[in-house]
Amino acid sequence: MRSGQNLYLFFLIITVLTLLGVSYFSYTSSWFSGVWECRLTVEEKKHGNTDLIFPPRIACAQPSVSNSRPDVSTMTPWLAPIVWEGTYDLTVIDNIYKQQNITVAVTVFALGKYVRFLKDFLESAEQHFMVGYRVHYYLFTDRPDEVPTVTLGEGRQLTVIKTATSNRWQEISLRRMEMIEKLIEKELTDEADYIFCLDVDSKFYAHWGAESLGDLVGALHAWYFGTSREQFTYERRPESQAFIPLQEGDYYYGGAVIGGRLEKVHKLVKTCRMQLDVDRANHIEAAWQEESHLNKYFLYNKPSKVLSPEYLWDDKKGKPSYMKVVRSSQVLKNNAEVRPNP
Ligand SMILES: CC(=O)N[C@H]1[C@@H](OP(=O)(O)OP(=O)(O)OC[C@H]2O[C@@H](n3ccc(=O)[nH]c3=O)[C@H](O)[C@@H]2O)O[C@H](CO)[C@H](O)[C@@H]1O
Ligand SMILES: [Mn+2]
């Protein structure tokens, strides 16, 4: 009886000491935390691995130690790259991003007469946009019967989403924010890693690839590149949530290109949608609708990558020497003819 009690006590002490030892070890040991990190990495993979892993023994040029584009700024004051032709090595970029096995969602709206832009948009995107990557177009339209049949490359697909239209183009344009917000919440969380929200009245002319990917991506508007901030067409009335005072502002970003990782773009579109709601309740519409709210957002939530006007060009501006390549440009359109209202 007595020796049984002693044995019980002995095992109890051993168990308590073992438990204490294990918890101390797991708390301090680098080996243990290493195992923990490995688990996290595996978990991370489900949501897309963002490590910039580069495969061994790939031949590529040695990076230059001088600025390859002295004619333009290639970095924002918060050290986000501004992507210009000549600033990146596509071999390096593709070797990194191809490994990540990513899917890029693209939202495009074609309501009313804007369905006429779809054919060129899709056909040129198939030739130039994220070629070699999985791309899933989400096309919002009120005229599903008029969506052209375009042959898509391997790993690329298109989903048509029937959408109610509006009799005001401003409303169509700004409502994109809430539709993208809902799309990300309802459909994209496990489907895509990155998203680009693009204007349909644009056409691709040259390579637009993985160099454009980043956490939060904006594009410099062709018409305001190089102009002073007082001239930017930001919303200037303090009554609007999109208000930016004259002495503030980095760049003027175009509403036609918004990109980034899903969660970052979700935060952007949700914030802009809420600000648009407040403006609506106060009976005020910002000068350039959601583009004004986007500019306000980017001023206080800086993009991690900025696309040069190569990605958002307008042929009416000609071709200045800094434009080594036009990747995407706005289609010439007769606003009075295509829009439902002046
Ligand atoms: C180059 C650029 O940065 N353009 C922006 C600019 O004018 P834009 O003149 O480019 O605006 P827009 O007429 O192209 O409208 C924006 C987008 O809304 C859609 N849409 C519009 C009207 C319509 O009847 N049907 C239809 O589907 C379509 O996807 C179009 O691409 O300002 C707008 C807000 O005022 C948007 O921020 C645009 O992105
Ligand atoms: Mn447009």
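Here a trainee and a mentor talk through a predicted model.

Trainee: Let's start with the sheet. What makes E1 and E4 its edges?

Mentor: The 8 strands of this open, mixed sheet come in the order E1-E9-E7-E8-E5-E2-E3-E4. Strand E1 (82-83) and strand E4 (156-162) each have a single partner strand, so one side of each is left without a neighbour in the sheet.

Trainee: And how do you know that E5 and E8 are paired?

Mentor: Pairing takes at least two bridges between the strands. Strand E5 (residues 194-198) and strand E8 (residues 253-261) are joined by 5 bridges, so they pair, and they run antiparallel. Among the residues involved, Tyr194 has Arg261 of E8 as its bridge partner.

Trainee: Which strands does helix H4 touch?

Mentor: Helix H4 (residues 118-128) packs on the sheet against strand E2 (103-110), strand E3 (134-141), E4 and E5, and its direction makes about 175 degrees with that of E3. Helix H8 (residues 289-300), in turn, lies across strand E7 (216-220) and E8, at about 55 degrees to E8.

Trainee: Now the loop between helix H2 (30-46) and E1, where Arg57 lies. Why is Arg57 called exposed?

Mentor: Exposed means over 50% relative accessible area. Arg57 has 81% relative accessibility, so it counts as exposed.

Trainee: Leu79 lies in the loop between H2 and E1 too. Why is Leu79 called exposed?

Mentor: Its relative accessible area is 66%, and the cut-off is over 50%, so Leu79 is exposed.

Trainee: What makes their phi values worth a look?

Mentor: Most residues other than glycine have a negative phi. Arg57, not a glycine, has a positive phi of about 60 degrees, and for Leu79 phi is positive as well, near 65 degrees.

Conventions
Residues numbered from 1 in each chain as written. Chains lettered and ligands numbered in written order. Predicted model: local features only at pLDDT ≥ 70, side-chain atom pairs only at ≥ 80, totals over all residues. Heavy atoms only, no water. Helix = DSSP H or I, 4+ residues; strand = E, 2+ residues; numbered from the N terminus. Contact = heavy atoms within 4.5 Å. Axes fitted to C-alpha atoms, helices over the stretch in contact; angles between N-to-C directions. Buried < 20%, exposed > 50% of the residue type's maximum accessible area, 1.4 Å probe, protein only.
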